[in-house]
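Let's walk through this structure together, from the overall fold down to a few backbone details. Please keep the model open beside the text as you read.

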Amino acid sequence: MAEMVNVAVDAMGGDNAPSEIVKGAVEAVNEDRRIRVFLVGREPAIKEELKKYTYDAAQLEIVHTEEVIETAEPPVMAIRKKKDSSIVKCMNLVKDKECDALVSAGSTGAILVGGQVIVGRIKGVERPPLAPIVPSVKGVSLLLDCGANVDARPSQLVQFAKMGSVYMESVIGIKNPRVGLVNIGAEEEKGNALTKETYPLLQNCPEINFIGNVEARDIPHGAADVLVCEAFVGNVVLKMLEGVSSALVGKIKEGMKSSLRSKIGGILVKPALKKTLKGFSTEEYGGAPLLGLNGLVVKTHGSSKAIEIKNSILQCIAFKEQNINEKIKEKIVLED
């Protein structure tokens, strides 16, 4: 029998907690027997939601906490003061090796601070990057960093490239993933001081398959498997992709309802269109892992529905089974 993967889930984090969080957790355990979920939060509220579902009780446990860290709270102060919050409890479960991973749709700042302060960085990792999967016409790419380090140094971007390559090869299954540096032009001399200094470091890094600069317009076309940048650029790219995707879907639906002819055509193309659009939905790929920590921390959108929570939990299986942290350690040790 396969070893169980224990995942702490912040049941109180996000706009749709605890209803969508609990629903996603139940769907995850019902889909895969290898998962055991620890729902962390206010027990009465969690129990009330669980009454709606059927599941194997051996795969799901409630861990009661009284406090909740709100999105608007200063992260450092919240982590220090709210020791009995769902986020802090999840972090401690991972730190103490009771859980292999945690999933939260809660405060991004608290998750970033707690990940480093409580779970801790792998020795040698300068900064852990937040690394979401972004869909493209060729499949998916890993964008890192998208929110953790807005003032990264060149050496840190090199580490991002190494960690991202490990993740894409081991979790997503892309052999020798192509690494691109997000920039304002394809030429080597383009960019600001950070990208100009980072380019030759990536170019001379034997552990990665560096293909050069990648412009933002080429990201949806799958120009690279691993997209490296500091968090300011990464977050702008991510939000733009999400916004354009949402706007296009809205316009397509509007156009399909504009006339009787378009409605008839819409009915005919709906199955194929639904399948195509599903591949561009970020919900299908789970949350963004915070790479380089001593345990897996996954941040999902604050507005996450059950499907994203479920997929975020399920992605923890490959992370553990492929020993991602050990492989990251090897990459960083080689650097030293």
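Helices here are DSSP runs of H or I with at least four residues, numbered from the N terminus. With that in hand, N323 can be placed in the loop between α10 and α11 (324-335), and we will come back to this residue at the end. Please bear in mind throughout that this is a predicted model.

Let's begin with the whole chain. Its secondary structure comes to 11 helices and 11 strands. The C-alpha atoms fill a box of roughly 65 × 60 × 45 Å along the principal axes. A compact globule of 336 residues would have a radius of gyration near 20 Å, and the 20 Å of this chain agrees with that. Of the 336 residues, 49% count as buried. Taking contacts between residues at least 6 apart in sequence, 71% join residues at least 24 apart. The accessible surface comes to about 15800 Å², and carbon and sulfur atoms account for 54% of it.

A good place to step inside is strand β4 (residues 101-104). A101 and V103 point one way from this strand, L102 and S104 point the other way, and all are buried. Which strands pair with β4? Strand β1 (residues 5-10) pairs with β4 in the parallel sense over 3 bridges, with A8 having L102 as its bridge partner. Strand β11 (residues 296-299) also pairs with β4 in the parallel sense, over 4 bridges, and here V103 stands opposite V298.

From the strands we can move to the packing of side chains. In soluble globular proteins, nonpolar side chains tend to be buried together. In this model the largest nonpolar core has 60 residues, and I35, L39 and I313 have the most contacts inside it. Helix α6 (residues 154-172) gives the most to this core, with 9 residues. A second, separate core has 37 residues, among them V40, V88, C99 and L130. Back in the largest core, which residues does I313 touch, leaving aside its neighbours within four places in sequence? The contacts of I313 are V7, V9, G24, A25, A28, I35, V37 and V103.

I313 is also one of the buried residues of α10, so let's look at that helix. At 1.5 Å a residue, the 16 residues of α10 (residues 306-321) should span 22 Å, and the 24 Å between its end C-alpha atoms agrees. Because 12 of the 16 residues are buried, α10 is largely enclosed by the rest of the structure. The buried set includes polar or charged names you may like to find, such as E308, K310, N311 and Q315.

Finally, some backbone details. Most residues other than glycine have a negative phi, and most peptide bonds are trans. A cis peptide bond joins A17 and P18, with omega about -5°, and P18 lies in the loop between β1 and α1 (19-31). The bond from L144 to D145 is also cis, with omega near 15°; D145 is found in the loop between β6 (139-144) and α6. On the far side of α6, in the loop leading to β7 (178-183), is N176. Its phi is positive, near 50°, and N176 counts as exposed, at 52% relative accessibility. That brings us back to N323, which follows α10 and has a positive phi near 50°. With a relative accessible area of 44%, N323 is partly exposed.

Terms used
Residues are numbered from 1 along each chain as its sequence is written. This is a predicted model: local features need pLDDT of at least 70, side-chain atom pairs count only at pLDDT 80 or more; totals for chains, interfaces and linings use all residues. Side-chain values use heavy atoms; hydrogens and water are left out. Buried means under 20% relative accessible area, exposed over 50%, partly exposed in between (1.4 Å probe, protein chains only). Helices (H or I, at least four residues) and strands (E, at least two) are DSSP runs, numbered from the N terminus. Two strands pair if DSSP finds at least two bridges between them. A nonpolar core is a set of buried Ala, Val, Leu, Ile, Met, Phe, Trp, Tyr and Cys residues joined through side-chain atoms within 4.5 Å. Contact means heavy atoms within 4.5 Å. The radius of gyration is taken over C-alpha atoms; the globule rule is 2.2 Å times the number of residues to the power 0.38. Accessible areas come from the Shrake-Rupley method with a 1.4 Å probe; for residues, only the protein chains shown count as cover. The expected span of a helix is 1.5 Å times one less than its number of residues.
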